[in-house]
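User: Please take a close look at one part of this model, with attention to pairing and burial. A single connected account would be best.

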Amino acid sequence: MLIAIASGKGGTGKTTVAVNLACVLSSSSPLTLADCDVEEPNAHLFFPGSGVKEPVTLPVPVIDPGRCDYCGKCGLFCQYGALIVLKERVLQYPQLCHSCGGCRLVCPTHAISERPEQAGTIERYDPTPSLHLVTGRLAEGSIHTPTVIRAVRDAVDGAPLVLLDAPPGTACAAMETLEGCDFCLMVTEPTPFGLHDLRLICELARLFRIPAGVVINRCDDEDTAVEAFCREQDLPVLMRIPFDRTIALMQGSSRIISRDDPVWRDRFRRLGRDCLAMAGGR
Amino acid sequence: MYLAIPSSGPTVDDPVDTRLGRAPYFLIVHTETNETEFVSNPYAADSGGVGPRVVQMLVQKGVTDLIAPQIGGHADNALVAAGIRVYLWEGAGTVSSALEMYRAGRLSLMAGKSGSS
């Protein structure tokens, strides 16, 4: 079962909700937490430890200068400017390459082969005996966010229960994380920006036909435009987290409220049960 | 030698475009015969990697000199590799005024990587 924690807007509390859910749900059955926010992974800050870092690579072209006659076909073919042919030189920008392999196909002298270029890493370890953490991390300067997320998804393939901490936004990276999930928990805040991006992520979940529920963070008032939107869209509000200094302080010192506070433990247990029920009801 | 000037439109009365990769047109001038040609930039609206591809196109046109206001990192690399001299264009003005200033020797080579090549 795959449960994504997404938000549209950044900084609404996706990771807070993900690590708390991971904490309570892993107390009763084995769980994998997949940090798919590979541009800035942070779930690991709450679960110290380390594991083997496996590279995530993509094939990029290598030109054999002995065979290349600078005909320019590869340079004209490449839509990404990843290689250009000058008079007697081929200039490469591997960071712009999308690994389509087209340059190799159009080369009449078979001067192009491929080498692996690192797009990122995947790190995995068990912070507790029943919790497995998989962290994807994009290499500095790389643009291949979806590739690294795909590698995280492959690494958790087959695990019985997976929480995916999604990247913010609703573009490629969020889609790569959400696709095929059984449930999407949307974390938002009662602000115009929170509402605007909640609309977008709601639309995306609908597009993928994923059932969804909402957590409203920093919520001190139930009479907000976000609540009205949820009612109008039939989105269940599964939890409200108040704007609370104690929570902020615990969060800031990488403590987990559901582990340290029995009231929050019960609340997150209920949230976990609701998510599992809604995910199973597909 | 051929000189290229990024242009916002297809005439010499149009302003010099402030971008290299995304300029809609280039005026290409044969500096000895004064023959001129406007070429449209096929990459102007593409999503990325436009700088290197425009340089590739200019090299194929035989361009050796370029007047440009600002240049991105990828294009700058390509201009250095291609040995194209880049003249700095500051402020506003039409393509014809840029051409006059170039002919009068009043433009300076860009101080960046490409200027020093």
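Analyst: Two strands pair if DSSP finds at least two bridges between them; the strands themselves (E, at least two residues) and the helices (H or I, at least four) are DSSP runs, numbered from the N terminus. This is a predicted model, in which local features need pLDDT of at least 70 and side-chain atom pairs pLDDT 80 or more, while totals for chains, interfaces and linings use all residues. Residues are numbered from 1 along each chain as written, chains are lettered from A and ligands numbered from 1 in written order, and side-chain values use heavy atoms, without hydrogens or water.

The part chosen here is strand β2 of chain B, residues 25–30. Strand β1(B), residues 2–7, runs antiparallel to β2(B), and 6 bridges join the two. Within that pairing, A4(B) has I28(B) as its bridge partner in β2(B). β2(B) also pairs with strand β3(B), residues 36–40, again in the antiparallel sense, over 5 bridges. Here F26(B) is matched with V39(B) in β3(B).

β2(B) and β3(B) make a hairpin, with 5 residues lying between the two strands. In its turn, N34(B) has a positive phi of about 65°.

As for burial, 5 of the 6 residues of β2(B) are buried (under 20% relative accessible area; exposed is over 50%, partly exposed in between; 1.4 Å probe, protein chains only). The strand is therefore largely enclosed by the rest of the structure.

Helix α1(B), residues 50–60, shows a similar picture: 10 of its 11 residues are buried, so the helix is largely enclosed by the rest of the structure. Among its buried residues are the charged R53(B) as well as V50(B), V54(B), V55(B), M57(B) and L58(B). G62(B) follows α1(B) and has a positive phi, near 80°.

Chain B also holds a salt bridge (a side-chain nitrogen of Lys or Arg within 4 Å of a carboxyl oxygen of Asp or Glu). D17(B) and R19(B) form this contact, and their closest N and O atoms are 3.0 Å apart. D17(B) counts as buried, at 5% relative accessibility, whereas R19(B) is partly exposed, at 38%. A search of the whole structure finds 14 salt bridges over all chains. One in chain A joins D260(A) to R255(A), with the closest N and O atoms 3.0 Å apart. There, D260(A) is partly exposed at 37% relative accessible area, and R255(A) is partly exposed at 40%.
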